[in-house]
Amino acid sequence: MSKLAPVADLPPASASDTHDTGREPSRTGLDPQNVRRGVLEHVRYSRGKNPETATAHDRFMALALAVRDRLTDRWVRTARTYYEQDVKRAYYLSAEYLLGRALGNNLINIGMYEAAEQAMREMGVDLSTLVEMEPDAGLGNGGLGRLAACFLDSLATLGYPGMGYGIRYEFGIFTQDIVDGYQVERADEWLKFGNPWEIVRPEKAVPVRFFGRVEHHQGADGRPVARWVGGKTVIGVPYDTPIAGYGNNTVNTLRLWQARASEEFDLLLFNAGDYERSVVEKNDSEVISKVLYPNDAFQAGKELRLKQQYFFVACSIADIVRRYLKTHTDFRDFPNKVAIQLNDTHPAIAVAELMRVLVDEKRLPWEEAWAITQATFGYTNHTLLAEAMEKWPATLFERLLPRHLELIYEINQRFLRQVQIRYPFDTDRLRRLSLVEEGAEKKIRMAHLAVVGSHSVNGVAELHTNLLRRDVLPDFAEMFPERFNNKTNGVTPRRWLSWSNPRLSKLITSRIGEGWATDLDQLKKLVPHAEDPEFRKAFAEVKKQNKEDLVRYLRDLCWVNLDPNAIFDVQIKRLHEYKRQLLDAVHIVSLWMKARRDPSTIIAPRVFLFGAKAAPGYLLAKLIIRLINGIAEVVNSDAGTTGLQVLFVPNYRVSLAERIIPAADVSEQISTAGWEASGTGNMKFMLNGALTLGTLDGANVEIRQAVGDDNFFLFGLTADEVIARKRAGYRPRDEYERNVELREAIDLIGSGFFSPEDKNLFKPLVDSLLEEDRYLVLADFASYAAKQEEVARTYKDPDKWMRMAILNVAHAGIFSSDRTIKQYAEEIWQVKQTPVGT
């Protein structure tokens, strides 16, 4: 084991190190000497260790704290700048933040990576080893949470005054084990060894009420007064994480709320010997921030999920109002200083909560409060799935949030009166637009609340926004056409190219300079280089080395030896039927059967890589994982003959994506057209030189437009064709009967060949395909198989493939989250870039 150099080995800091700054160089210096000094100081003073006895974890924590010191210096200056200039701020409310690891990204963003690498090397420590020790902050489920993380990075990099709000889940997205081919969930203990990045702010805790009753009376001014009283109070304690901009001094804040009991411990009960009841209050309160997305198949799960949403919204609105009132005495200027963006429907209750604060607590007239609320909120819709458009039983609302139900009814009554005046005698329209869904069980439509309470409603890809207007929220789009707009998603190039693919970053910089990291449109300068044989050769070498790195990593992780010369065909994303991992799996079975009969039919060797987590209660999705692993067991047993290999990589997460994406040749974006809102994985693959095999769904449409038809492998029905097929009476069994290769693959799966321990294991999957095939897997199979064959033939022409790959990178600039955030800032929030001085 290597040992850290003792503190005595370091020379004293020179007087010039602190000249004109008043700041300790060991806390703020970016040179290797001061980085080294800062780490050693934290080993001693923060970890309480001698350098000789420090563990690897001590070293990681010491380095992370040394980096945080440098962030904190800028963090304080950023906060002071915003306060002194009384800037308008954008507040991003999201139930998910899929942050991943922070150490490497922070080192890149503040320009400290090389210095840290040298400092660690001088101490006999490998920086990459320390980076690998950090657990992923998996406070999200998929693209929604990762998008929020990319947006925070871009806000800071562009110098916009912004702040994220969410929940500090004790357990994030579960850790996935694969046992006998099945997904097994374990708690994600990401906080087990502490989090070096966050700072707790107990002095800014917020009380949050649940349950209780509403008392109504008349105020001294003659206006009605509502008081929400009784019930139970939970305390929200904020934990702040610094979010560093790239190449500037801006450090914004992600504030996550943890639930604490208002009365943690009943000493009387404890002394009376009732030990369990003495901590009931503590346990009931703290469960709110315990787990990301509790299973809401049960009533208790539904209640907990609504509690989570209101908890973080109430804390955040209280915090925003508190900050605003530090420099203002009334609310007339509130929308000029505050912009709040709702990231999907999870935080939609914020509309009613701000109204409660303004009307009940601050005593504003309803009309004034409503005008302020609408001018403050923007709503981003992220889904076309009806089941994801949240609706809560009114009875649950009445019990949990009685005042908010009253407010929603009042908002609805006033809104429907507007509808009635504009569309007289149209009762069907009133029913469709109402915030309340009438039926056997009355429900509150949260998406409707978000639309009515916001001045802006945006989709996240051109196709998605068009479908929102036409199919999902057509009545709202007709009534409020000016509110609807598109903001195509993006990804941060700092994490998804600079950090995750340093070889490619270095190659790009060697040809076009380093400006692309903050202006991704500069990648277009690579277009002429696609015709340069030397550049294509260097590009191919980068991809080869990335693939070899991944092969070594997966050999250690999964005990599988993959062929780095094969096509790396990758599908990594949340497991859902509409994303059609099943289409990929059925095609692999078909390809394998053909190869067994005639190995010459395999044009190029293939490695099929999967990574995905299925929601714990989503049984068909979990069965698809079991099928993929069953297929892998069979296919890999004779890979030497067929040239095919399959691997389901367990526990897919951000840090795993950072390894897989730079090594991918083919990006599988094969969702049923009209179902994916946008997708951001497709953008990450494109940015790293993978070629897209996809449908015209989500942002695939814009990717194909950007890169050109010849550099995109398109297959499948369009969104309109999907609708037409279903309206015409789609019969999936017809597809099964007419396509021999498809029928053979389905029959083999249904026979139990891939599940010898249970011949009927995959019967539910086969039945779902043959009887309904909701996501048109069978309808698109022939087109998909044909395009896969074209992929293989193209790969056999290395020059052509590399030219296509380079052109994909060159046209990825439009998919930077910097572009997206600039559009939000200029077109929705009206916030201004605010440079932070040194």
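These exercises, each with a worked solution, concern a predicted model.

**Exercise 1. A strand with two faces**

Find out which side chains of strand S8 point to one face and are buried, and then identify the strand with which S8 pairs.

Solution. Begin with the general pattern, which is that side chains in a regular strand alternate between the two faces of the sheet. Next, follow strand S8 through residues 206-210, where Val206, Val208 and Phe210 point to one face and are buried, while Pro207 and Arg209 point to the other face and are not buried. Then look for the partner: S8 pairs with strand S11, residues 232-244, in the antiparallel sense, and the pairing runs over 5 bridges. Finally, choose one position in the pair, and you will see that proline 207 has isoleucine 235 of S11 as its bridge partner.

**Exercise 2. One residue and its surroundings**

Decide whether glutamine 258 is buried or exposed, and list its contacts beyond its neighbours within four places in sequence.

Solution. First locate the residue, since glutamine 258 belongs to strand S12, which covers residues 251-261. Its relative accessible area is 14%, and because buried means under 20%, glutamine 258 counts as buried. Then set aside the neighbours within four places in sequence, which leaves Arg168, Ile235, Gly236, Val237, Tyr239, Ser289 and Phe311 as the residues in contact with glutamine 258. As a last step, compare sequence with space: glutamate 170 is 88 residues from glutamine 258 along the chain, yet their C-alpha atoms are separated by 8.3 Å.

**Exercise 3. An open sheet and its edges**

Give the order of the 6 strands in the open sheet with parallel pairing, and explain why one side of S22 and of S25 is left without a neighbour in the sheet.

Solution. Write down the order, which is S22-S21-S20-S23-S24-S25, with parallel pairing. Now consider the two ends: strand S22 (644-648) and strand S25 (713-714) stand at the edges and have a single partner strand each, so one side of each has no neighbour in the sheet. Moving inward along the order, take strand S20, residues 567-572, and strand S23, residues 666-669, which pair in the parallel sense over 2 bridges; here valine 570 stands opposite serine 667 in S23. To complete the picture, add helix H25, residues 619-635, which lies across strand S21 (606-611) and S22 and runs at about 145° to S22.

**Exercise 4. Spaces in the model**

State how many cavities of 30 Å³ or more a search of the whole structure finds, and then describe their linings and that of the second largest pocket.

Solution. Start with the count, for the search finds 2 such cavities. The largest holds about 60 Å³ of space, and among the residues that line this cavity are Lys573, Gln669, Glu676 and Asp697; by class, its lining has 2 nonpolar, 7 polar and 3 charged residues. The second largest cavity holds about 40 Å³, and its lining includes Ala95, Tyr169, Arg305 and His346. Helix H11, residues 299-325, gives the largest share of that lining, 4 residues, and the classes are 5 nonpolar, 3 polar and 1 charged.

Turn last to the second largest pocket, whose volume is about 1,000 Å³. This pocket is lined by 30 residues, and Ser498, Trp499, Ser500, Asn501 and Pro502 lie nearest its centre. Among the elements that give two or more residues to this lining are helix H21 (493-499) and helix H22 (502-512), and H22 gives the largest share, 5 residues. Sorted by class, the lining of the second largest pocket has 12 nonpolar, 9 polar and 9 charged residues.

Notes
Residues are numbered from 1 along each chain as its sequence is written. This is a predicted model: local features need pLDDT of at least 70, side-chain atom pairs count only at pLDDT 80 or more; totals for chains, interfaces and linings use all residues. Side-chain values use heavy atoms; hydrogens and water are left out. Buried means under 20% relative accessible area, exposed over 50%, partly exposed in between (1.4 Å probe, protein chains only). Two strands pair if DSSP finds at least two bridges between them. On a 1 Å grid over the protein atoms alone, a cavity is a set of points where a 1.4 Å probe fits but cannot get out, and a pocket is an open set with protein on both sides within 12 Å along at least five of seven lines; lining residues have an atom within 4 Å of a point. Grid points are joined across faces, edges and corners, and a volume is the space filled by probe spheres set on the points. Ala, Val, Leu, Ile, Met, Phe, Trp, Tyr, Cys and Pro count as nonpolar, Asp, Glu, Lys and Arg as charged, and the others, Gly among them, as polar. Contact means heavy atoms within 4.5 Å. Axes are lines fitted to C-alpha atoms, for helices over the stretch in contact, and angles run from 0 to 180 degrees between N-to-C directions.
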